[in-house]
Amino acid sequence: MICMDPPRYGFAGLPAAEHVQAFRVLVSVFAVADTRRRETYCNGACGHTWHNLPTATEQP
């Protein structure tokens, strides 16, 4: 979204000092969307490998 050609969503027009903050907002939004997807569409029988990653406390 940030690097699309042509740029979309106004990110290209942001001052350079705001790029990190805008990226963090995007990551937060995607985290909420992913959590909702896990709770609805992927509940119980998910084949997405990124939804089945070990937690930081688990040993491989």
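Val25 sits in helix 1, which covers residues 19-40. In this predicted model, that helix has no company from other regular elements: the protein chain has one helix and zero strands. Val25 counts as partly exposed, because its relative accessibility is 47%, a value that falls between the 20% and 50% cut-offs. Together with Val29 and Phe30, Val25 makes up a nonpolar surface patch of about 280 Å².

Zooming out to the whole chain, there is not much of a buried portion to talk about in numbers: of the 60 residues, 8% count as buried. The exposed surface of the protein chain comes to about 5300 Å², and 60% of that area is supplied by carbon and sulfur atoms.

Two of the buried residues turn up on either side of one contact. Ala22 belongs to helix 1, whereas Phe11 is placed in the segment before helix 1. Ala22 has a relative accessible area of 12% and is therefore buried, since the cut-off for that class is under 20%. Phe11 comes out at 15% relative accessibility, so Phe11 counts as buried too. Along the sequence, Phe11 and Ala22 are 11 residues apart; in space, their C-alpha atoms are separated by 7.7 Å. Once neighbours within four places in sequence are set aside, Ala22 is in contact with Phe11 and Leu14. The contact between Ala22 and Phe11 thus links a residue of helix 1 to one in the segment that precedes this helix.

Arg38 gives another view of helix 1, of which Arg38 is also a part. With a relative accessible area of 37%, Arg38 is partly exposed, because this value is neither under 20% nor over 50%. Leaving out residues up to four places away in sequence, Arg38 touches Asn43, Trp50 and His51. For one of these partners, His51, the spacing is available: His51 and Arg38 are 13 residues apart along the chain, and 7.6 Å separates their C-alpha atoms.

Taken together, the residues picked out here in helix 1 come in both flavours. Ala22 is buried, while Val25 is partly exposed and Arg38 is partly exposed as well. Their surroundings can be put just as briefly: Ala22 has Phe11 and Leu14 as contacts beyond its sequence neighbours, Val25 shares a nonpolar patch with Val29 and Phe30, and Arg38 meets Asn43, Trp50 and His51.

Methods. Residues numbered from 1 in each chain as written. Predicted model: local features only at pLDDT ≥ 70, side-chain atom pairs only at ≥ 80, totals over all residues. Heavy atoms only, no water. Helix = DSSP H or I, 4+ residues; strand = E, 2+ residues; numbered from the N terminus. Buried < 20%, exposed > 50% of the residue type's maximum accessible area, 1.4 Å probe, protein only. Areas by Shrake-Rupley, 256 points an atom, 1.4 Å probe, with all protein chains shown as cover. Patch = residues over 30% accessible without salt bridge, like charges linked within 9 Å, V, L, I, M, F, W, Y side chains within 5 Å. Salt bridge = Lys/Arg side-chain N within 4 Å of Asp/Glu carboxyl O. Contact = heavy atoms within 4.5 Å.
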